[in-house]
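Reader: Hello! I'd love a close look at one small part of this protein, and then a walk outwards from there into the rest of the chain. Please take it slowly, as I'll be following along on the screen.

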Amino acid sequence: MLNISMLAAGHGPVDHVVPHTLHSEPLFTWQVGGPDYDNRWLNIQNGVYEFYITNHMVMTLVAAVLVILVFAWVSRRVRPVGPGLTKYQTRGRGAQLFELLCTFIRDEVARPNLKGLTDKYIYYVWTIFFFILFANILGLIPFGPILRLLTNDSGWEHWGGTATSNLGLNLVLAMASFIAIIVIGIREQGVVHFLAHFNPVGWDWKSPMIGMGLMMFVLEWMGLMIKCTVLAMRLFGTMMAGHLVIAAFIALIFDAAANGAVMGYGVGLAVLFGGVVLTLLELFICALQAFIFTFLTVLFISAGAVGEHDEEHEENPLSDESQMDVDKMIRPQDLRPVTA
């Protein structure tokens with residue numbers, strides 16, 4: 001959005017985290033109001049909406065394509081090939097790492113909450129986790145400064161960036177989770193049982209509690225929408241804050257250099273060390289925020305899809321995972337034949 005980037009005067013710390021257009025002329029325009037209607041946040045001037053491709057849009061596409069390409073490669077490394085038992089071994093450290101992450105998300109995040117529904121909906125859970133993880137990590141790579149250094153062209157300066165520091169993208173992700181909660185809940189429990197979660201009082205119109213039930217119904221729906229909105233706000237605030245802190249630290253170097261070269265070099269060394277530590281911390285936060293978004297999404301889905309019907313979604317005792325439970329290696333008494 002062109003006007004959002006204009007909110008940052010000059011080239012301050014904020015200027016490096018807001019979205020920037022990558023071309024000068026809009027791809028298309030759309031009349032959305034009168035000539036006096038202006039909305040800088042929606043990029044509307046004089047009642048005309050102008051569409052530009054921003055660096056955050058490009059990084060969103062890059063993250064999505066990279067997820068597809070990486071897991072297309074991982075699937076080939078996991079696929080059994082060759083003779084003997086070694087064909088079932090995942091080939092390559094990189095593929096083993098991604099397989100480990102997939103297993104962790106499935107067994108430690110999804111399965112304790114979704115239970116028997118895990119394998120049915122794990123693909124959405126994996127997709128949202130790895131997309132956010134890739135988008136977060138790509139934001140740590142300074143594509144713009146690298147391209148500018150290689151080409152000596154300032155036009156490349158704002159390429160790259162953290163797509164998840166854009167509230168628009170995070171709201172779309174939160175909306176996808178909101179839709180998933182409703183669709184999965186209705187699909188697994190039916191409309192009546194799903195809506196019953198939002199009104200524990202019941203729908204007996206002759207009951208004196210029906211007024212309270214209607215109020216609770218509205219409040220529960222508002223609560224669900226607020227929960228999903230908070231998912232977007234948390235991811236947005238955390239990813240933007242990390243970049244702002246590092247950018248503010250770097251700005252200290254120029255302020256110190258204005259008071260003398262010695263002070264500039266001294267502050268520069270301190271900022272260099274602090275920047276490395278903060279970058280490592282931000283790398284951890286990239287994974288943590290992807291995990292938190294995924295974990296809370298799974299919790300919200302399980303509240304509507306599983307609810308009080310856990311017994312309908314128990315694990316199959318004959319499945320390979322049930323018979324290869326790690327606890328059975330710790331408790332030998334559980335090593336007994338499983339009968340249908």
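Author: Happy to. Let's begin with strand 2 and strand 3 (residues 48-51), which run antiparallel and are joined by two bridges. Please keep in mind that this is a predicted model. One pairing to find on your screen is Gln45 with Val48: Val48, in strand 3, is the bridge partner of Gln45.

Now widen the view a little. These two strands belong to an open sheet of three strands, paired antiparallel, and the order across the sheet is 1-3-2. The edges are taken by strand 1 (28-31) and strand 2 (44-45); each has a single partner strand, so one side of each is left without a neighbour in the sheet.

For a residue to follow on strand 1, pick Thr29. Its relative accessible area is 48%, which makes Thr29 partly exposed. Setting aside neighbours within four places in sequence, the contacts of Thr29 are Val48, Tyr49 and Glu50. Take Val48 as an example: 19 residues separate it from Thr29 in sequence, yet their C-alpha atoms are 6.4 Å apart in space. That is the Val48 we met as the bridge partner of Gln45.

How does the sheet sit within the whole chain? Reading from the N terminus, the elements go α-β-β-β-α-α-α-α-α-α-α-α-α, and the tally is ten helices and three strands. The chain has 340 residues, and 34% of them count as buried. If you look at contacts between residues at least 6 apart in sequence, 65% join residues at least 24 apart.

Moving on to the helices, stop at helix 4, which covers residues 118-138. From its first C-alpha to its last, this helix of 21 residues reaches 29 Å, close to the 30 Å expected at 1.5 Å a residue. Helix 4 also has a kink of about 25 degrees, and the kink is centred on Tyr124.

Further along come helix 6 (residues 167-196) and helix 7 (residues 210-257), which pack with their axes 8 Å apart at an angle of about 145 degrees. Their crossing is right-handed. On the helix 6 side, the residues making the contact include Leu167, Leu171, Ala174, Phe178 and Ile181. Helix 7 contributes, among others, Phe217, Trp221, Leu224, Met225 and Cys228.

Phe217 leads us to the loop between helix 6 and helix 7, where you will find Asn199. Not counting residues up to four places away in sequence, Asn199 touches Gly213 and Phe217. Is Asn199 buried or exposed? Buried: the cut-off is under 20% relative accessible area, and Asn199 has 3%.

Finally, follow helix 7 along to Ala256. Ala256 is buried too, with a relative accessible area of 7%. Leaving out residues up to four places away in sequence, it touches Met263, Gly264 and Val267. Between Ala256 and Val267 there are 6.7 Å from C-alpha to C-alpha, and the two are eleven residues apart along the chain. If you then turn back to Thr29, you have a partly exposed residue to set beside it.

Notes. Residues numbered from 1 in each chain as written. Predicted model: local features only at pLDDT ≥ 70, side-chain atom pairs only at ≥ 80, totals over all residues. Heavy atoms only, no water. Helix = DSSP H or I, 4+ residues; strand = E, 2+ residues; numbered from the N terminus. Expected span 1.5 Å × (residues − 1). Bend = angle between axes of the 7 residues up to and from the residue. Pairing = 2+ DSSP bridges. Buried < 20%, exposed > 50% of the residue type's maximum accessible area, 1.4 Å probe, protein only. Contact = heavy atoms within 4.5 Å. Axes fitted to C-alpha atoms, helices over the stretch in contact; angles between N-to-C directions. Left-handed = near helix turned anticlockwise from the far one by under 90°.
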